[in-house]
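Hello,

Here is the structure I promised to pass on to you. Please have it open while you read, and my notes come right after it.

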Amino acid sequence: MAKDNMPKTDFRDAILWHLTYTLGKDPDHAQIFDWRMALSYAVRDRIVDRWMAATRETYRADAKRVYYLSMEFLIGRLLEDNIVNMRLADEARSAIESFGLNYRSVLLDEPDAALGNGGLGRLAACFMESLATLGCPAYGYGIRYEHGLFRQSFADGRQHEAPEDWLQQPYAWEFERPEAAFTLGFGGRVVSRDGKAVWEPENFVKSEAFDTPVVGWKGRWANTLRLWSGRAVNPFDLERFNAGDFAAAAENEALARTISRVLYPEDSTEKGKRLRLTQEYFFSAASIRDILRRFLSDHADLRLLPQKVAIQMNDTHPAIAGPELVRLLHDEHGLPFEEALHITQGCVNYTNHTLLPEALESWGEDLFASLLPRHLQLIDRIDDAHAKANPSRKVAARGEGRVKMGELSFIMANRVNGVAALHTGLMKTTVFKELHRLHPERIVNETNGVTPRRWVHSCNPRLSTLITDTIGEGWVGDLEQLTKLEPHIDNPDWLSRFTEVKALNKADLCDWITRDHGLMLNPQAIFDVQIKRIHEYKRQHLNILEAIAHWQEIKDNPGAGWTPRVKIFGGKAAPGYFFAKDIIRLINDVSVVVNADAQTNELLQVVYLPNYNVTMAERLIPAADLSEQVSTAGKEASGTGNMKFALNGALTIGTLDGANVEIRERVGADNFFLFGMTVDEAEARRNVEAHATKAIAADPRLARAVDAIRSGVFSPSEPDRYAGIVANLTGADYFLVASDFSDYWRAQREVDRAYADAQGWARMAALNVARSGWFSSDRTIRGYMADIWNAKSLIGQE
Ligand code: 26Y
């Protein structure tokens, strides 16, 4: 690599320099914010040289570049990640402490970048880190939302949403690139000129780029995350201003900025739908233009595009990128349509993250035509070409008055992938059955993973130290080395150190919950954690029903030798998803009653922590004993929280769903609490008449728990508050909560018994750590590089 341009200043001096000259603060008067920013800039400086070297190396090698297009990047905090990857942890800590500050507090001052809803967005963030760690030349493309995922609070147990404002403060990691802007058209009409279709858009918006470097483990490579922000083409109307209409003078700018104003938590309103499609086109079109511009800066022949460019669409949200690339190649660069399509199909790939029909995007033709009239025409031609090549085909991107983004993505893609083996299999037999028949080579599996830098090394320093003391440091960059722990597990001294780590992590969590939430928890109890978006298919209501039944049974039989338990919940519901909001309220109502019960509260506590986010996950996962992964079989595409828990020594109670299946295969069936129906059994059960009522009638514990909810035990001032939940549980119960309850109860009691044997439990937990190395996102990205992108690493093995 080329030489660094950084002056060889001492790291402590660099912080002081930035405090003084970048922030303009006298050290005597600096606040924690100033110190955190100064530290961030000092770290960023060191990253920049690596970043530029990586870019130069990519140009020099004329390497194939990977472009990861995602509506969401759920990054969380970056300061610690960057410090750790740049190997600056010791220097940073001692510098910060020498200024009389607490190092942790400085790190915690950074707001989470919450530019995502859940798993899909967090996966994109883990992938960016692994791409850099592996030295794969890559760019992430997304939207620089001014407001990330809403802030959640509870009032009377109900979820309230407030805007999140991470950009109120300057963001230390980004570089604004006013020169890298594109003007994008929307709406208007398509006219014919000299026999050629010409799109005449009605409105124009500018996309402005903001770049954040993403550095990999040991700082050997850095890639770019480029986020687009909406700007007006003519931001300010001086004539209107001079005429006294001050608000109207800035209207253009306000409208353009609306595009990148908020992250979508749902899509339930008509107006919202239009904005969502606008956002999708906005960032896809800007990214495609940027990709073409970079390619053309050193290649002349567009036919080489598939050799130099791999585009990954993270779900269907960027699906319009395909037709947009066809449009640019055909309409603007003059390639014949078939060739433009062929080139595009050689570049584009699609990852599917869900089989739930309501989450598969489709757009009404009228809406689509009013925003993207030329793209609608091109989609028809894409369908025609597909029909011509596959005369027996029965599916199309356009049909029943809608544009179906899943079908479109599949037809446009070179490779289509699922995110866990079970999910990929179901893609082939359900939603994409027909397209899979036509293109049997197209669907591949790439089981998800998580970055071990953030999800073990940084978030669990005690476990990290123990592992490194035991097997050396190589595991951080090569997680499968964790298997080297196995021989140590039968050494009682080692196992007691392992147990000590968990105990201290639990004590830390208790301190934080007491300090921030005013609750005292029993640290001896099983810490049983369910953290994820609230959704019926994820079945938080199964968990809380079991808690109710457990509470009732403890009251019946207080001296039965119960294993104490703390049930911890975290997660947000989409603001318009009323059933999910009822589940939140029910959990909160149950927690009030159960925690106040002096007869049981030594044995059972229920805690719902508000505003779950990446930072909270980093606190909870290292302290968890039990990981709740209880979705209805066939509904959770993969899950990635499940992997984080296993890697941090929590045991899973879970169904045969998503990546649970692969986790269980690897950690061993004896070290996993399995319950519930399989995909096939669930499918069959739904066809059994009155399956829910039958299940309730067959299990008195379940019947009593449902009755308690129905009769207002947890909502005495409003007994029918949960009539909706009760009606669902005793009626359609599509997600089979009632039918899986008895087996869940059985598995939970097995957990109780297993936990009572402290040694046995520690052994199982340690085996989970030792055998979960395969779930590194480094392994996942290697899979994408080999099977999907045909991309090469530009750094050698260490
Ligand atoms: C259409 C729209 C509003 C929308 C927005 C976000 C639809 C879906 C999503 C997010 C989906 C998501 O997060 N899916 C999760 O992806 C993870 C990564 O692959 C999986 O582990 C997880 O099972 C899946 O639910």
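Below is what I found, going from the domains to the ligand and then to single residues.

Please keep in mind that this is a predicted model.

**The two domains**

The protein chain is split into domain 1, residues 267-445, and domain 2, residues 452-781. Between their C-alpha centres there are 37 Å. Where they meet, twelve residues of domain 1 are in contact with eleven residues of domain 2. On the domain 1 side of that meeting, helix α17 supplies the largest share, with four residues. Seven residues on that side are nonpolar and five are polar, and none is charged.

**Around the ligand**

Where does the ligand lie with respect to domain 1 and domain 2? Both domains give residues to the shell around the ligand, so the ligand lies between them. That shell has 19 residues, and the ones that come nearest are Gly119, Leu120, His353, Ala637 and Ser638. Sorted by class, the shell holds ten polar residues, six nonpolar ones and three charged ones.

**His423, in helix α17**

I looked at one residue of helix α17 in detail. His423 sits in this helix, which runs over residues 421-429. It counts as buried, because it has 27 C-beta neighbours inside 10 Å. Apart from its neighbours within four places in sequence, His423 is in contact with Gly418, Ala637, Ser638 and Gly658. Two of these names may look familiar: Ala637 and Ser638 are also among the residues that come nearest to the ligand. His423 can also be paired with Val661, a residue 238 places away in sequence, and here the C-alpha to C-alpha distance is 10 Å.

**Lys644, the annotated lysine**

This one may interest you at the bench. The UniProt record, an unreviewed entry, annotates Lys644 as "modified residue: N6-(pyridoxal phosphate)lysine". In the model, Lys644 belongs to helix α25, which covers residues 641-647. Is Lys644 buried or exposed? It is buried, because 30 other C-beta atoms lie within 10 Å. Once neighbours within four places in sequence are set aside, its contacts are Val450, Trp455 and Ile621.

**The nonpolar core**

The largest nonpolar core has 222 residues, and Leu39 and Tyr67 are the ones that touch the most other members. Domain 1 and domain 2 each bring at least three residues to this core. As a general point, nonpolar side chains tend to be buried together in soluble globular proteins. For Leu39, the contacts beyond four places in sequence are Ile15, Leu79, Ala92, Ile96 and Val106.

Leu79 turns up again in the surroundings of Glu110. Glu110 touches Leu79 as well as Arg36 and Arg77, not counting residues up to four places away in sequence. Its place is the loop between α5 (103-108) and β3 (113-115). Although this is a charged residue in a loop, Glu110 is buried, with 23 other C-beta atoms within 10 Å. Ala172 is 62 residues away from Glu110 along the chain, and their C-alpha atoms are separated by 9.5 Å.

**Ala765, in helix α32**

Further along the chain, Ala765 is part of helix α32, residues 758-770. Ala765 is buried, since 26 other C-beta atoms lie within 10 Å. Gly649, Ala650 and Leu651 are the residues that Ala765 touches when those up to four places away in sequence are left out. A separation of 9.5 Å is found between the C-alpha atoms of Ala765 and Leu626, which are 139 residues apart along the chain.

**Two aspartates with positive phi**

Last, here are two backbone details. Asp194 has a phi near 50°, a positive value in a residue other than glycine. Asp733 also has a positive phi, near 40°. Both sit in loops: Asp194 between β8 (189-193) and β9 (196-200), and Asp733 between α30 (723-730) and α31 (737-756).

Which of them is buried, and which is exposed? Asp194 is exposed, because just 5 other C-beta atoms lie within 10 Å. Asp733, by contrast, counts as buried, with 23 C-beta neighbours inside 10 Å.

If you would like a starting point for viewing, try the ligand, which lies between domain 1 and domain 2.

Best wishes

Note on methods:
Residues numbered from 1 in each chain as written. Predicted model: local features only at pLDDT ≥ 70, side-chain atom pairs only at ≥ 80, totals over all residues. Near = placed C-beta within 6 Å. Domains from an automatic or database assignment. Core = buried A, V, L, I, M, F, W, Y, C linked by C-beta atoms within 7 Å. Buried ≥ 20, exposed ≤ 12 C-beta atoms within 10 Å, placed from the backbone. Contact = placed C-beta atoms within 7 Å. UniProt positions renumbered as here; feature names shortened; annotations may be inferred.
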